[in-house]
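Work through these short exercises with the model in view. Try each task before you read its solution.

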Amino acid sequence: MINNDVLRRLRYAFDYSDQQMMNVFAQAECKVSRDQVCNWLKPDEDPDFVFCDDVTLATFLNGLINTLRGKKEGPQPEPEHELSNNMIFMKLRIALNLKSDDVLAMLEDAGMSLSQHELTALFRKPGHKHYRQCKDQILRNFLKAIQIRCRDQSGTAGSGDAD
C-alpha cells in the first residue's frame with residue numbers, strides 16, 4: 001500500500017485535525033509543519049502532493065502508539081527505514097492494544113475472514129518458516145475495520161483526541 005493512503009485512512013478513522021496529526025508526530029519526538037501534513041494527505045494527482053516515505057510513516061505510527069498507549073520510559077524507538085505491510089499492521093495492533101481475537105473480530109466486521117493461524121503468521125519474523133507476507137487487501141481491510149470501530153460506530157473517533 002502507498003504510505004500516503006495509510007496516513008489518509010488513519011486520519012479519517014481517528015477523525016484527526018491537522019493539529020492532532022502534528023501532535024501525533026510530536027509524540028514520536030518529530031516536529032512537522034501543517035504544510036508537510038497537508039501535502040502528505042493531498043490526493044496523488046495534486047501538484048502539491050508529497051510522497052510519505054517509510055521513515056515518516058514509521059514515525060507517525062510510533063507517535064500513534066505513544067498517543068494511544070502512553071510513552072514508555074527511556075529512549076524512544078527509532079523509526080524503521082523500511083516498512084512492510086506486516087510492520088504497519090503490527091504497529092497498529094500495538095497502538096490499539098488489540099489481542100488476536102479482537103483483530104479477527106474486527107476483520108470479520110470489515111467483511112474479511114482469517115483464521116487464527118493465518119493471523120499469527122502475519123506477525124512472525126520474516127525468516128520464520130510460517131511467516132506470511134501481509135498483502136495490501138488484508139491491510140486495507142484492517143484499516144477499514146479500524147474505521148468501523150473508531151469512527152463509524154460512535155459517529156466520531158472515540159480514542160484519538162490528541163489536542
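**Exercise 1. A salt bridge between two helices**

Asp18 is buried, at a relative accessible area of 15%. Buried means under 20%, exposed over 50%, and partly exposed in between, with a 1.4 Å probe and protein chains only. The model is predicted: local features need pLDDT of at least 70, side-chain atom pairs count only at pLDDT 80 or more, and totals for chains, interfaces and linings use all residues. Residues are numbered from 1 along each chain as its sequence is written, and side-chain values use heavy atoms, with hydrogens and water left out.

Task: Find which residue forms a salt bridge with Asp18, and state where the two residues lie.

Solution.
- Step 1. Apply the rule: a side-chain nitrogen of Lys or Arg lies within 4 Å of a carboxyl oxygen of Asp or Glu.
- Step 2. The partner is Arg34, with the closest N and O atoms 3.5 Å apart.
- Step 3. Place both residues. Asp18 belongs to helix α2 and Arg34 to helix α3 (residues 34–41), so the bridge ties together parts that are 16 residues apart in sequence. Helices are DSSP runs of H or I with at least four residues, numbered from the N terminus.
- Step 4. Check exposure. Arg34 is partly exposed, at 39%.

**Exercise 2. More salt bridges**

Task: State how many salt bridges the rule gives, then examine Lys71 with Glu29 and Glu118 with Arg132.

Solution.
- Step 1. The count is nine salt bridges.
- Step 2. Lys71 and Glu29 meet at 3.7 Å, N to O. Lys71 sits in the loop between α4 and α5, Glu29 in the loop between α2 and α3, and 42 residues separate them.
- Step 3. Compare their surfaces. Lys71 is partly exposed at 40% relative accessibility; Glu29 is exposed at 57%.
- Step 4. Glu118 and Arg132 meet at 3.8 Å, N to O. Glu118 is in helix α7 (residues 116–122) and Arg132 in the loop between α7 and α8, so this bridge ties together parts 14 residues apart in sequence.
- Step 5. Glu118 is partly exposed at 32%, and Arg132 is partly exposed at 29%.
- Step 6. Shared partners join Asp5, Arg8, Arg9 and Asp44 into one salt-bridge network.

**Exercise 3. Aromatic rings**

Task: State how many aromatic pairs the structure holds, and classify Phe14 with Tyr16 and Phe25 with Phe60.

Solution.
- Step 1. Rings of Phe, Tyr and Trp (its six-membered ring) pair if their centres lie within 6.5 Å; planes under 30 degrees apart are stacked, over 60 edge-to-face, and the rest tilted.
- Step 2. The structure holds five such pairs.
- Step 3. Phe14 and Tyr16 are stacked: 5.5 Å centre to centre, 20° between the planes. Phe14 is buried at 1%, and Tyr16 is buried at 3%.
- Step 4. Phe25 and Phe60 are tilted: 5.3 Å centre to centre, 55° between the planes. Phe25 is in helix α2 (residues 18–27) and Phe60 in helix α4 (residues 54–69), so the pair ties together parts 35 residues apart in sequence.
- Step 5. Both Phe25 and Phe60 are buried. Ring pairs link Phe25, Trp40 and Phe60 into a cluster.

**Exercise 4. Helix α5**

Task: Decide whether α5 is mostly covered or mostly open, and look at what follows the helix.

Solution.
- Step 1. Eight of the eleven residues in α5 are buried, and the helix is mostly covered.
- Step 2. Buried residues in α5 include Ile88, Phe89, Leu92 and Arg93.
- Step 3. Asn97 follows α5 and has a positive phi, near 55°.
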